[in-house]
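Visitor: I should like a close look at a single part of what is displayed here, followed by a view of its surroundings. Please explain each term as you come to it.

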Amino acid sequence: MCFYIARLKFGEAKLRAYREMDGSTSGVEDNDIDWNTEDELELDNFTLSPCSSLLLTGGEANAFSGEASSCPSSSNSKVLDQFIGMGFSKKMVEKAIQEHGEENTDAILEMLLSDSVLESSSQELQQTDSDHFSSDYDGSFLDDFSDLESSGDEEIMSPTSEEEKLLMSLIKMGYTEEEASIAIERCGLSSSLLELTDFLSAAHLAKAEDALLPLEQKPGLKHLHTDYPKKKRKLLVNQVSKRKRQNRLIGEDNETVRLPNPMIGFGIPTGPCQSHRTLPKAAIGPPYFYFENVALTPKGVWDTISRFLYDVPPEFVDSKYFCAAARKRGYVHNLPIENRIPLVPLPPQTIDEALPMSRKWWPSWDTRTKLNCLQTCHSSAKLTERIMKALEGYDDIPPERVQRGVMHECRKWNLVWVGKNRVAPLEPDEFEMLLGFPKNHTRGISRTDRYKSLGNAFQIDTVAYHFSVLRDMFPNGINVLSLFSGIGGAEIALHRLGIRMKNVVSLEISEVNRNVLRCWWEQTNQRGNLIHLPDVQELNADRLEQFMSSFGGFDLVVGGSPCNNLTGSNRYHRDGLEGKESSLFYHFFRILDLVKSIMAGI
DNA sequence: ACAAAGATGAGGCGCTTA
DNA sequence: TAAGCGCCTCATCTTTGT
């Protein structure tokens, strides 16, 4: 599937990047290439030499940079960098430049495309035990790309037929080309994407039911093949349809997920707790899994997430019940919910407790006791100035109109009082404290990066409360697959619970974040292994099997996928689950499903 | 080149009111 | 019941500064 994912990448951004590089379009959309420039450079060598891409905690990661600087083609690093920025490996680009010269970018691209096709499809063939995986589409897709280059038209990358459109959408969602083809074949070309995913979802359910039966060597596609017992699949598809009908009957319009009020999930340390729930059969581990994302998404997103994650209803929790800042999040997991224990000591529960220095300056008319959600951006000093000026003329209590204006800004930007009439945004170390991270956890990286990384992180006390049930179950420690690890919220939660991590395979695209986690890992003298990989999209079945056979499977698969296209804070690309970054959710599902299959076979 | 500052609403929910 | 209002949200993009 790597190959097809790679194709989609081209379809969306890279070809545009290439055309820009070529000077054939204006730079209006230059932002499109941002996503894979800085952070994905470590994709290099991943597919070419699997072992060398492991960034072990020893810190040999920098070996690559030395190697790169000695490369002959680095004299003109612009062409090199641009192609690397498009997602090709450094070795491949260097080889292509050597062969065709730096100027001949067309020939370079052509060679890179054909190389990556060969490389990826050979990988795919290794993964797939069936000859059913025909190369029909390889050819047509490849032809598409040849056309792309020659025509230079702006509409060229759009799929030519309805079938290809559906195919690409499904592949982007993490299904293999074969699964997608079969789904389209079975459901018909006129089917909606939802119907197709429903079909595939039901098929996966069917597969999960088969997990008890002897499994073939690789996680295959038996559950989708036409010779799969039609009766059973029909039954499962019918179940899905039945559920849909029920939803319609009760006026839910096919959307079952509603946000609870109060948002306390199955319970909080200081309140009532639900003691039992029944999980769908397909959801029951091993492994345990834990998925996180923002609670307030566009409509239907959590329905889709839940449907993919084995129909487990999300647990929505606002972290304001755990600490002094709000953080409304949804968690889909299959952990037990009985006998949860909070981390001790309990973190400060109010602004007043969390920021005692601000008490002196806190005006009586600011009635906040909790902060709003900690985000990745903060206000400027200019707003502080404006607020100070607005309040300057009043000795005591300003008029209500002024109060309202000031409070509006304070809530919007999470401002706190730091002097007479003086507000300020929270400092990065205050973010760390409120989110339950060790002090100075992110120290050493730029201030902007600290806000960004922390704004995207877990609230440790909340997650640890959910994880706490694992402690007695795994007295000897656990193996963790950590997707979208960020600065290591999950790892820190486990550590603070006293759960030993024997092996952690961590996937994180940002080098800055990987460094933060690695530093913490070393500082806390972890005895287990931390294995870092950059990109979830590159984690295939072979690689997973290698890991799992070496240390006997994963006990926990955890991750919070990118929320960029889901959060209301995004004014530009709130595109939902199909958005550029947020669609990586489907890789969480893909990888979890692979792990489940492999575990069932071990 | 990098870091920081400044400008940039929509969408969804809860609540009140007519 | 519907309309109106207040409130909140793991952000992005361009410009400016160093």
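Guide: Residues will be sorted into three classes: Ala, Val, Leu, Ile, Met, Phe, Trp, Tyr, Cys and Pro count as nonpolar, Asp, Glu, Lys and Arg as charged, and the others, Gly among them, as polar. This is a predicted model, in which local features need pLDDT of at least 70 and side-chain atom pairs count only at pLDDT 80 or more, while totals for chains, interfaces and linings use all residues. Residues are numbered from 1 along each chain as its sequence is written, chains are lettered from A and ligands numbered from 1 in the order in which they are written, and side-chain values use heavy atoms, with hydrogens and water left out.

The part chosen is the surface near DNA strand B. A residue is near a molecule or strand if one of its heavy atoms lies within 4 Å of it. By class, this surface has 5 charged, 6 polar and 2 nonpolar residues. There are 13 residues around DNA strand B, and those that come nearest are Ser 380, Lys 382, Thr 448, Gly 568 and Arg 571. On the DNA side, sugar and phosphate make up 46% of the atoms of strand B that come within 4 Å of the protein.

Individual atom pairs give a finer view. A polar contact is a pair of N or O atoms within 3.5 Å; within protein, one must be able to donate a hydrogen and the other to accept it, and residues adjacent in sequence count only if both atoms are side-chain atoms. Thr 448 places a polar side-chain atom 2.6 Å from a phosphate oxygen of DNA strand B. Arg 447 has a polar backbone atom 3.4 Å from a phosphate oxygen of the strand. Gly 568 has a polar backbone atom 2.6 Å from a base nitrogen of DNA strand B. Two elements, helix H13 (381-392) and helix H16 (447-455), each give two or more residues to this surface. Helices (H or I, at least four residues) and strands (E, at least two) are DSSP runs, numbered from the N terminus.

The neighbouring topic is DNA strand C. Around strand C there are 24 residues, and Val 294, Arg 329, Thr 376, Cys 563 and His 573 are the closest. The residues of this surface divide into 14 polar, 6 nonpolar and 4 charged. Of the atoms of DNA strand C within 4 Å of the protein, 65% belong to sugar or phosphate, and the rest belong to bases. Arg 329 has a side-chain N or O atom 2.4 Å from a base oxygen of DNA strand C. Phosphate oxygens of strand C lie 2.9 Å from a side-chain N or O atom of Ser 569 and 3.4 Å from one of Gln 375. E2 and helix H14 (400-413) are the elements that give two or more residues to the surface near DNA strand C.

Cys 563 leads to the matter of burial. Buried means under 20% relative accessible area, exposed over 50%, and partly exposed in between (1.4 Å probe, protein chains only). Cys 563 has 17% relative accessibility and therefore counts as buried, whereas Cys 377, at 55%, counts as exposed. The structure holds 0 disulfides, a disulfide being a pair of cysteine sulfur atoms within 2.5 Å.

The loop between helix H10 (230-249) and strand E2 (288-294) holds Asn 261. Asn 261 is exposed because its relative accessible area is 78%. A cis peptide bond, with omega about 5 degrees, joins Asn 261 and Pro 262. In the loop between H10 and E2 one also finds Pro 286, and the peptide bond from Gly 285 to Pro 286 is cis, with omega near 5 degrees.

Finally, chain A as a whole provides the setting. Chain A contains 22 helices and 10 strands, and 53% of its 602 residues count as buried. Contact means heavy atoms within 4.5 Å. Among the contacts in chain A with a separation of 6 or more, 72% come from residues 24 or more positions apart.
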